[in-house]
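Hi,

Here's the structure I promised to pass along. Have a look, and my notes are underneath.

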Amino acid sequence: MTNQTKKQKVIYYILLVLVSAIFLVSAYAKLTGNASAEAAFTVAHLPIWFMYFIGVAELCGAVGLWIRSLQIYAASGLFIILAGAVVVTAIYVSVPEALFPLGTAIALGIILKCRG
């Protein structure tokens, strides 16, 4: 984070905490077999094992965002998950609800931009 203003650093860390928290909560729901998480995967015609796979990937991504040398890789994986979430949510739930994963992807992009 070289040559950043204090405002950019504050935005970076606020978004980093928020995006990490979103993925940690989401991973927890998937890895504990939460009924609503299972229902979402069932509605989208996705196998339950894939829910656990995505949960592990989200957990790893949330942790990886905090490790500078892994941040690009973690963000790349999370972008793939978010792209899938936007498409699946728009198709099987509703377009307005797909705005949440889209907004999370935008916040993730801002994190990478503010990273320096």
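Let me start with helix α3 (residues 48-64): Phe50 and Phe53 sit three residues apart in it, so about one helical turn separates them. (Helices here are DSSP runs of H or I, at least four residues, and strands are E runs of at least two, numbered from the N terminus.) Before the rest, the small print: this is a predicted model, so local features need pLDDT of at least 70 and side-chain atom pairs count only at pLDDT 80 or more, while totals for chains, interfaces and linings use all residues. Residues are numbered from 1 along each chain as its sequence is written, and side-chain values use heavy atoms, leaving out hydrogens and water.

On aromatics, rings of Phe, Tyr and Trp (its six-membered ring) pair if their centres lie within 6.5 Å; planes under 30 degrees apart are stacked, over 60 edge-to-face, the rest tilted. That rule gives four aromatic pairs. One of them is Tyr12 with Tyr13, edge-to-face at 4.8 Å centre to centre and 85 degrees between the planes. Phe50 and Phe53 make a stacked pair, with 6.0 Å between centres and 20 degrees between planes. Those two also join Phe41 and Trp49 in one aromatic cluster.

For accessibility, buried is under 20% relative accessible area, exposed over 50%, and partly exposed in between (1.4 Å probe, protein chains only). Tyr12 is buried at 5%, whereas Tyr13 is partly exposed at 39%. Phe50 is partly exposed at 26%, and Phe53 is partly exposed at 48%.

Cheers
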